[in-house]
Amino acid sequence: MSDVTAEGGLPEKKKWQHHVGHHFADAENEFTANKFGFWLFLATEILLFGGLFVAYVVFRSTYPMTFHEAHEHLSKPMGAINTVVLICSSFTMAMAVRASQTNQHRRLIWLLVVTLLCAFTFLVIKFFEYKAKIEHGYLPGYWYTPHLPTDPANGNLFFGLYFVMTGLHGLHVLGGIVAISWILVKAKKRQFSSEWYTPVELVGMYWHLVDLIWIYLFPLFYLIG
Amino acid sequence: MATQTLDAHRPASVSYLDAAKGWKSWAYTLDHKRIGIMYLISVSLALLVGGLFAMLIRIELFEPGKTIMTAETYNKVFTLHGIIMVFLFIIPSIPAALGNFFLPIMIGAKDVAFPRLNIASYYLWVTGAVFTLAAILINGIDTGWTFYTPYSVQTHTSVIWMGLGIFILGFSSIFTGLNFLVTMHKLRMPGLGWFDMPLFLWAIYGTALIQVLATPVIGITTLLLIAERTMHIGIFDPAMGGDPVLFQHFFWFYSHPAVYIMILPGMGIISEVITTFARRHVFGYRFIAFSSIAIAVLGFLVWGHHMFVSGQSEVATMVFSFLTFFVAIPSAIKVFNWTTTMYRGQIALDTPMLYALSFLFLFSIGGLTGIFLGALSVDVHLTDTYFVVAHFHYVMMGGTVMAFLAGLHYWWPKMTGRMYNEKLGRLGAVLIFVGFNVTFLTQFVLGSQGMPRRYYDYLPKYTPLHQMSSFGAWLLGATFLMMTIYFIQSLRSGAKAPDNPWGSMGFEWRTPSPPPVENYETLPDLSLGPYDYGKVYGHKPTAEAKA
Amino acid sequence: MSHDTAQAHESGGRKHHPHVLPVRMYAGVWLALLVLTFITVKVSYFNFGIMNLVVAMGVATLKASLVVLFFMHLKYDEKFNAIIFAGSLTFLTIFFVLTLADTMERGKVDPLEAHELVPVPARPELIDRKTVHVDEKSPLVPGAHGLQVPATGEGLAAPTPADSAAMRGATGGAVESTKAPGESTKAPGGH
């Protein structure tokens with residue numbers, strides 16, 4: 001992507017300009033191709049997490065009482081707050097995409113900042129949750145050392161899956177933080193406009209997927225009735 | 001005879017090979033053709049290394065008992081043969097090397113949809129290869145390429161390094177498939193409809209579907225295996241309430257569709273080669289096109305046929321066996337259509353065609369023996385014997401590798417601008433056919449007589465067949481060596497290749513050899529399709545499904 | 001890269017026009033998500049048996065649909081993107097169904113395989129024998145019949161020479177050296 005002008009002069013530094021890839025027919029072609037490609041990437045994420053959900057269903061159907069008993073040792077309020085936090089962050093992220101579509105640069109920046117704050121809040125709450133679990137000995141696998149007489153004897157499977165699934169989800173939240181920060185930096189440099197906001201849109205889609213996964217994780221781990 | 005010019009006179013243009021010089025112009029390239037060449041060199045190296053391990057296996061199995069290595073080493077050698085061949089060679093080979101080079105050209109595009117993702121895919125392959133090397137050098141790996149639990153959790157070999165390597169290689173594959181799907185949907189030249197595309201691209205499409213949908217599951221499988229090894233989660237350990245057969249479900253949900261990633265692109269190449277060298281329009285274009293999609297979809301329904309004796313429920317076993325028979329149908333349709341394509345053709349037995357004919361014969365044997373194994377009652381006896389080993393080598397090597405070699409020889413002039421020694425090419429094709437059958441036909445017999453797979457030692461009664469198999473393998477090895485030499489010779493001093501040495505109607509032959517950087521100076525005339533031999537060479541095509 | 005194509009993009013060719021949705025819609029979806037979250041949490045405090053799972057998954061799916069259709073604009077996108085999304089779910093469903101066809105149907109044909117499922121923890125003394133029936137003869141109970149389970153804190157034992165001998169030449173299978181031939185080795189998960 002060259003920014004040499006048609007006359008072959010030096011690049012102009014005034015305004016950053018997005019150049020449509022030379023292999024695309026036009027800007028519309030590039031936009032739809034980018035979205036299409038990103039939906040394919042989201043499909044791979046669905047199958048990646050989906051495998052974990054398969055493991056979950058297999059073990060929950062095999063040990064229903066253990067799962068029920070073990071889940072009572074998770075903090076429903078913390079899980080619910082985290083759900084609300086992610087939903088709000090999805091809202092601010094969607095509004096941020098809209099702001100980039102309508103050239104509202106300051107609003108875009110603030111909405112991205114709020115989204116980041118929500119993401120951090122989520123991770124902080126998760127940190128406290130994990131800390132509590134570790135203190136109680138509800139660790140995965142053979143570190144599972146519960147010490148109360150009412151503790152579920154076979155909860156190692158439940159907690160193993162809990163840590164792996166929420167852990168992988170947490171890593172994706174972290175990845176989202178990195179991606180949103182990157183977008184924030186570019187937004188401050190005024191690189192997005194109604195003509196070119198695709199990176200904001202795509203990061204937004206990623207963030208919504210992270211929310212989607214949590215929408216299923218929450219009831220499956222915290223709300224086993 | 002009426003000739004419409006296939007090669008319009010063009011002004012001299014800079015080929016992609018000459019456009020920029022120096023290692024940086026390759027390392028940082030975004031040109032799909034250069035990326036394809038880098039993949040080609042890389043996977044060929046992987047093929048040679050995997051082949052070396054194969055030679056070691058066949059030396060060890062020449063005699064019962066210890067021949068050149070201990071049992072523990074043997075376990076590592078066959079595991080690495082499998083891993084390198086499957087993950088580093090066969091899965092990327094045709095799509096990432098030949099597909100990368102030719103997909104944009106065949107649709108009249110300047111590049112793939114996401115060139116930076118393309119070069120990233122290549123570097124992910126390299127990273128995966130480095131992790132594999134690390135696994136080999138640190139503690140080796142002896143679980144078999146299938147990594148079954150509980151052994152893969154307990155063994156002290158470098159399972160984690162290898163698991164990470166496979167995770168990374170998986171993403172290389174995913175991104176390639178993703179790129180190709182978007183490219184085919186969004187970058188086709190104006191006027192090129194779905195059913196105007198060469199059939200190679202339908203095959204690549206089916207492959208890309210599988211790459212995107214199935215590969216993430218091997219990703220999560222390796223992550224879970226690593227979690228099991230490091231944190232002892234217990235999901236695969238019965239002592240902790242887990243289920244080792246669950247690992248097999250996870251593994252084969254990817255690995256069965258993966259074998260269709262391996263064979264589909266090869267089938268695509270066969271469509272191109274047979275039509276060119278029989279000078280006929282393909283018979284049943286739409287049947288072949290849709291069968292590629294059918295194979296991709298049906299391939300997801302049958303993974304449990306690798307697990308008939310694992311302890312999975314009888315219900316699942318019966319369902320999987322039943323569904324397995326369906327997946328043979330689209331493959332059979334292709335074989336029938338290719339054969340019919342040759343009817344009344346003007347067959348030229350050039351090297352690519354010799355490989356394509358080998359494919360037809362060997363893939364048929366491989367596919368049919370797959371059906372034997374899909375029959376539950378037969379599989380109970382043949383599973384984990386050399387019959388299975390022979391079956392999958394017939395489809396993977398007799399199928400994919402033959403197709404890969406067909407494609408390599410077919411497109412070599414286009415990619416490099418040079419011709420190779422045709423006599424040596426034909427000799428190589430014949431020797432490979434002979435060597436292959438000697439190596440693996442004997443293994444069908446060995447298996448049905450009870451020789452188990454992955455065994456280091458065996459009863460003396462199996463010795464003659466093992467020795468025959470080893471001789472065949474050494475012939476194969478020698479022939480690959482000869483092939484390497486004549487290809488290198490071609491690069492250094494081969495004759496300059498014309499634009500269209502084979503007289504093919506394919507779009508890629510309507511641009512210079514090698515192609516210019518942006519693939520075409522003038523886009524191909526779409527009134528002449530890639531199989532319209534009748535229009536050019538004057539004879540009527542056979543009645544076929546509407547193309 | 002030629003200048004002509006760059007100019008063709010700048011001058012000719014279609015520009016991209018963003019499809020902007022009203023703030024009302026985003027706010028509405030947000031509120032709906034919050035309400036649905038409240039409902040699903042409240043319902044979980046009551047016991048409706050199997051309906052708990054049905055309701056929880058139903059609400060989750062409703063929430064997910066709102067996010068996908070509106071926040072992710074799938075409702076307004078080109079159709080094929082929806083096909084991609086639906087396709088991934090379809091293949092995931094295949095994974096679920098056929099795997100469960102195995103794990104939930106074990107022992108239906110051959111009663112020998114239908115062991116009572118006793119999940120064995122790493123510390124067997126934690127099994128509450130008052131509420132959980134333990135078949136002391138079962139090979140699944142550690143210590144009783146030779147299945148060696150590591151004591152807490154230890155790593156899994158390295159294979160002993162006896163184990164190596166048993167493993168040598170074998171395919172990658174479980175290290176179970178104490179089974180007599182013919183005895184069933186079907187753990188809750190098969191071999």
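Here is a walk through the model, one selection at a time.

**Before you click**

This is a predicted model, where local features need pLDDT of at least 70 and side-chain atom pairs count only at pLDDT 80 or more, while totals for chains, interfaces and linings use all residues. Residues are numbered from 1 along each chain as its sequence is written, chains are lettered from A and ligands numbered from 1 in the order in which they are written, and side-chain values use heavy atoms, with hydrogens and water left out.

**Stop 1: chain B as a whole**

Select chain B and show it as a cartoon. You'll find 16 helices and 0 strands; helices here are DSSP runs of H or I with at least four residues, strands are runs of E with at least two, and both are numbered from the N terminus. The radius of gyration of chain B is 23 Å, close to the 24 Å that the globule rule gives for 547 residues, so the chain is as compact as a globular protein of that length. That radius is taken over C-alpha atoms, and the globule rule is 2.2 Å times the number of residues to the power 0.38. Along its principal axes, the C-alpha trace spans about 75 × 45 × 45 Å.

Now colour chain B by burial: 66% of its 547 residues count as buried. Buried means under 20% relative accessible area, exposed means over 50%, and partly exposed lies in between (1.4 Å probe, protein chains only). Switch to a surface and you're looking at about 18,200 Å², with carbon and sulfur atoms supplying 70% of it. Accessible areas come from the Shrake-Rupley method with a 1.4 Å probe, and for residues only the protein chains shown count as cover. As for contacts (heavy atoms within 4.5 Å), residues 24 or more positions apart account for 81% of those in chain B with a separation of 6 or more.

**Stop 2: helix α9 of chain B**

Select residues 285–298 of chain B. At 1.5 Å a residue, these 14 residues of helix α9 should span 20 Å, and the end C-alpha atoms are 20 Å apart, which agrees. The expected span is 1.5 Å times one less than the number of residues.

Which residues of α9(B) are buried? Show Tyr285(B), Ile288(B), Ala289(B), Ser291(B), Ser292(B), Ile295(B) and Ala296(B) as sticks. They cover an arc of only 160 degrees around the axis, which puts them on the same side of α9(B); the arc is that of the directions from the helix axis to the C-beta atoms. An α-helix has 3.6 residues a turn, so residues three or four places apart point the same way. To see what covers this buried set, add α7 (199–231), α8 (244–278) and α10 (314–342) of chain B, which are among the covering elements.

**Stop 3: His249(B)**

Stay in helix α8 of chain B and pick His249(B). With 0% relative accessibility, His249(B) counts as buried. What does it touch, leaving aside neighbours within four places in sequence? In chain B, look for Trp303(B), Met307(B) and Gln312(B); from chain C come Phe95(C), Leu98(C), Thr99(C) and Asp102(C).

**Stop 4: odd backbone in two loops**

Most residues other than glycine have a negative phi, and most peptide bonds are trans. Go to the loop between α4 (115–138) and α5 (151–154) of chain B, home of Pro150(B). A cis peptide bond joins Thr149(B) and Pro150(B), with omega about -5 degrees. Phe147(B) is in that loop too, and has a positive phi of about 50 degrees although it is not a glycine. At 5% relative accessibility, Phe147(B) is buried.

Next, jump to the loop between α15 (463–493) and α16 (533–537) of chain B, where Pro514(B) sits. The cis bond here joins Ser513(B) and Pro514(B), with omega about -10 degrees. Asn519(B), also in the loop between α15 and α16, has a positive phi of about 80 degrees without being a glycine. Asn519(B) is buried, at 0% relative accessible area.

**Stop 5: chain A and its contact with chain B**

Finally, bring up chain A, with 6 helices and 0 strands. Buried residues make up 64% of its 225 residues.

Select the contact between the two chains: 31 residues come from chain A and 37 from chain B. The area buried between them is about 2,900 Å², of which carbon and sulfur atoms give 78%. Buried area is the accessible area (1.4 Å probe) that two parts lose on being put together, summed over both. End on His23(A), Leu47(A) and Leu48(A), which supply 20% of the area that chain A buries against chain B, more than any other three residues.
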